[in-house]
Amino acid sequence: MAAVSDMPLFDDFGRCLPGAVQSPALPRSRRYFTLLQPKIDYVASHARLLSCLGAGTTMDAATFEARAASILSRLESDPRTAAIARGVAVPFVLPRLVIDDMGRSLDQRFLPAVREAFENTYPDYRFANHHHGELEGRTEIQPESRHARLVAAMRETELVGIYFPALSEYSLPAALEQVTALPDQFLLAGGVDTCAALISAPGLLLRTDSYPPLLWLGALASERPAIAYHFEAYGFNLTFNRRAHLGLAAEYWSCGLTVLEGD
């Protein structure tokens, strides 16, 4: 059996190094479109997740914090993955839920919860969903993304996870390639986990001094192969929309990685 390399998989800012992906990904980042680590108030995050999403019913804020800390501790203990903790990390809770149609679950439960969390936290700003009522039957999980494991686990129990926007400046095909080369605990983020992160930290994309990236829902395929869904700041407002990606990389784009407790 070949030895497992202990070379770091992430740079000093928590960006996943593109490695040997064949699809487009920028080898180095200018860090022009960046996110700041939000201050995580576990009491406030838990309260938002509970009131807006119905997540966190089986734990209090202290338990949420301890379980998230165990994920970070596990990552930091491995020299290959330790540097991801130097980047942006957003803990979240997902509810126990059976998802039969991802688009319907996003439309009816998760995106309204993002709206409520964002507009309650920032009453001067707005959340715009440009595809309200249009998602049912239009999104599928990318088989290579490992995201199906998260959806299957949601059927059994509430989940604590951490969202890392670590795949910056990757094309969507490159993000799918890269996740298959990472340790098994890394899942490509999709809709429900990205929504939960934005409920936990509603200001994740709110930058008053610089430009944030667009966050693709990389684990989800739309009904058209060259089109995908994303969250994006529009001024100081938050939007959910879709656009063409054409398999290209851009420094404005980022995909997320999710790590679950005990995964």
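Is Glu134 buried, partly exposed or exposed? With a relative accessible area of 35%, Glu134 is partly exposed. The views below come from a predicted model.

**View 1. Glu134 and its distant partner in sequence, Arg104.** Glu134 sits in the loop between β2 (127–129) and β3. Buried means under 20% relative accessible area and exposed means over 50%. At 35%, Glu134 is therefore partly exposed. Its C-alpha atom and that of Arg104 are separated by 8.5 Å. Along the chain, the two residues are 30 residues apart.

**View 2. The whole protein, for orientation.** The protein has six helices and ten strands. Its radius of gyration is 17 Å. The globule rule gives 18 Å for 263 residues, so the protein is as compact as a globular protein of that length. Along the principal axes, the C-alpha atoms fill a box of roughly 50 × 40 × 40 Å. Of the 263 residues, 55% count as buried.

**View 3. Helix α3, residues 102–121, with a kink at Phe110.** Does the end-to-end distance of α3 agree or disagree with the expected span? Its 20 residues, at 1.5 Å a residue, should span 28 Å. The end C-alpha atoms are 26 Å apart, which agrees. The kink at Phe110 is about 35°. It lies shortly before the proline Pro112. At the start of the helix, a side-chain oxygen of Asp101 comes to within 3.1 Å of the backbone nitrogen of Gly103. The kink residue Phe110 is among the buried residues of α3. Others include Met102, Gly103, Leu106, Leu111, Val114 and Phe118. The buried set also includes Asp107 and Glu119.

**View 4. Helix α6, residues 191–200, mostly covered.** How many of the ten residues of α6 are buried? The count is ten of ten. Among them are Val192, Ala196, Ala197, Leu198 and Ile199. Asp193, Thr194, Cys195 and Ser200 are buried as well. Gly191 is also on the list.

**View 5. The aromatic pair Phe10 and Phe186.** A search of the whole structure finds 13 aromatic pairs. In this one, the ring centres are 5.6 Å apart and the planes meet at 45°, so the pair is tilted. Phe10 belongs to the segment before α1 (42–53), while Phe186 belongs to strand β5 (residues 186–188). The pair therefore ties together parts that are 176 residues apart in sequence. Both Phe10 and Phe186 are buried.

**View 6. The aromatic pair Trp216 and Trp253.** The geometry is edge-to-face. The rings are 5.1 Å apart, centre to centre, with 85° between the planes. Trp216 lies in strand β6 (residues 214–216) and Trp253 in strand β10 (residues 253–260), so the pair ties together parts that are 37 residues apart in sequence. Both Trp216 and Trp253 are buried.

**View 7. Rings and charges around Tyr32 and Phe13.** Which residues do ring pairs link into a cluster with Tyr32? They are Phe33, Tyr211 and Tyr252. Tyr32 also has a charged end over its ring. That charge comes from Arg30, at 5.3 Å from the ring centre. Arg31 lies over the face of Phe13. Its distance from that ring centre is 4.0 Å.

**View 8. Ser171 and its polar contacts.** Ser171 is located in the loop between β4 (159–168) and α5 (172–181). Its relative accessible area is 0%, so Ser171 is buried. The side chain of Ser171 reaches the backbone oxygen of Pro24 at 2.7 Å. A polar atom of the same side chain lies 3.1 Å from the backbone nitrogen of Ala174.

**View 9. Positive phi at Arg146 and Leu246.** Neither residue is a glycine. Phi of Arg146 is near 70°. Arg146 is placed in the loop between β3 (140–141) and α4 (147–154). Its relative accessible area is 15%, so Arg146 is buried. Phi of Leu246 is near 55°. Leu246 is found in the loop between β9 (237–244) and β10. At 58% relative accessibility, Leu246 counts as exposed.

Terms used: Residues are numbered from 1 along each chain as its sequence is written. This is a predicted model: local features need pLDDT of at least 70, side-chain atom pairs count only at pLDDT 80 or more; totals for chains, interfaces and linings use all residues. Side-chain values use heavy atoms; hydrogens and water are left out. Helices (H or I, at least four residues) and strands (E, at least two) are DSSP runs, numbered from the N terminus. The expected span of a helix is 1.5 Å times one less than its number of residues. The bend at a residue is the angle between axes fitted to the seven residues ending there and the seven starting there. Buried means under 20% relative accessible area, exposed over 50%, partly exposed in between (1.4 Å probe, protein chains only). A polar contact is a pair of N or O atoms within 3.5 Å; within protein, one must be able to donate a hydrogen and the other to accept it, and residues adjacent in sequence count only if both atoms are side-chain atoms. Rings of Phe, Tyr and Trp (its six-membered ring) pair if their centres lie within 6.5 Å; planes under 30 degrees apart count as stacked, over 60 as edge-to-face and the rest as tilted. A charge sits over a ring if NZ of Lys or CZ of Arg is within 6 Å of the ring centre and within 35 degrees of the ring normal. The radius of gyration is taken over C-alpha atoms; the globule rule is 2.2 Å times the number of residues to the power 0.38.
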